[in-house]
Amino acid sequence: MKKTSALIFLLIIFGIFMASIIIQGQNVDSYFCSPNSGCEIVQNSPYALILGFKVVYLGLFGFIALLVVYTLASIKKIHKKLFLISALIGSVFAIYFIIIQFFVIKEICRNCMIIDSTMIVITLLAVYESLHN
């Protein structure tokens with residue numbers, strides 16, 4: 001279990017890092033999101049905003065919230081099922097954004113796919129951890 005817990009923690013930190021990279025790349029020319037790439041098209045599409053907020057900022061907030069929930073669950077301040085529910089919600093959004101990229105925008109943001117895939121892997125690990133506890 002400790003290996004799974006450590007991997008979940010590292011993947012959450014990685015998600016925070018990747019979301020931060022995308023945010024930084026929006027403010028300056030960046031290797032991570034080159035002009036006229038799928039990243040730029042996806043991040044400037046109408047789907048890049050939810051209720052007026054950029055999705056990448058919501059993603060960063062989501063990963064930070066997930067880190068807080070995971071930490072609290074790890075030290076037994078809250079029930080571990082709350083982390084599992086939080087991860088499941090994150091994965092629903094991740095799957096939604098993957099579908100939008102492939103079937104609606106028809107462009108792929110490599111970094112967005114990495115973040116979404118990371119969220120899905122975190123959820124799979126959380127389910128595994130939940131079933132084996």
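1. Start with the lining of the largest pocket, to which helix α3 gives the most, with 10 residues. Please keep in mind throughout that this is a predicted model. Besides α3 (55-74), the helices α1 (2-27), α2 (38-43), α4 and α5 each supply at least two residues of that lining.

2. The pocket itself has a volume of about 720 Å³. Its lining counts 33 residues, and V55, L58, G59, F93 and F97 are the ones that lie nearest the centre. Sorted by class, the lining holds 23 nonpolar residues, 8 polar ones and 2 charged ones.

3. For orientation, here is the overall layout. The chain has 5 helices and 2 strands, and from the N terminus on these elements follow the order α-α-β-β-α-α-α. Of the 133 residues in the chain, 41% are buried.

4. Back to α3, which has 20 residues. From its first C-alpha to its last it reaches 28 Å, close to the 28 Å expected at 1.5 Å a residue. Its buried residues are V55, V56, L60, F63, L66, L67, V69, Y70 and A73. Just after this helix, K76 takes a positive phi of about 65°, a spot you may like to find in the viewer.

5. Within α3, L60 deserves a look. Its relative accessible area is 17%, under the 20% cut-off, so L60 counts as buried. Which residue, 43 places away along the chain, has its C-alpha atom 8.5 Å from that of L60? That residue is F17.

6. Now to the aromatic rings. The model has 4 aromatic pairs. In one of them, F93 and F97, the ring centres are 6.3 Å apart and the planes meet at 25°; the angle is under 30 degrees, so this pair is stacked. F93 and F97 also belong, together with Y96, to one aromatic cluster.

7. Why are F93 and F97 about one helical turn apart? Both sit in helix α4 (residues 80-105), and they are separated by about one turn because they are 4 residues apart there. As a general point, an α-helix has 3.6 residues a turn, so residues three or four places apart point the same way.

8. The two rings of this stacked pair can also be described by their accessibility. F93, at 45% relative accessibility, counts as partly exposed, whereas F97, at 15%, counts as buried. Recall that F93 and F97 are both among the residues nearest the centre of the largest pocket.

9. Helix α5 (residues 110-131) is the next one to check. Its 22 residues should span 32 Å at 1.5 Å a residue, and its end C-alpha atoms are 32 Å apart, so the expected and computed values agree. Many positions of α5 can be listed as buried: N111, C112, M113, I115, D116, T118, M119, I122, T123, L125, A126 and E129.

10. Finally, the cysteines. How many disulfides does the structure hold? The count is 0. For C39, the nearest cysteine sulfur is that of C109, 3.1 Å away; a disulfide would need the sulfur atoms within 2.5 Å, so C39 is in no disulfide. C39 is buried, with a relative accessible area of 5%, and C109 also counts as buried, at 0% relative accessibility.

Key
Residues numbered from 1 in each chain as written. Predicted model: local features only at pLDDT ≥ 70, side-chain atom pairs only at ≥ 80, totals over all residues. Heavy atoms only, no water. Phe/Tyr/Trp six-rings, centres within 6.5 Å; stacked < 30°, edge-to-face > 60°. Buried < 20%, exposed > 50% of the residue type's maximum accessible area, 1.4 Å probe, protein only. Expected span 1.5 Å × (residues − 1). 1 Å grid on protein atoms, 1.4 Å probe; cavity = no way out; pocket = protein on both sides within 12 Å on 5 of 7 lines; lining within 4 Å. Points joined across faces, edges and corners; volume = space filled by probe spheres on them. Nonpolar A, V, L, I, M, F, W, Y, C, P; charged D, E, K, R; others polar.
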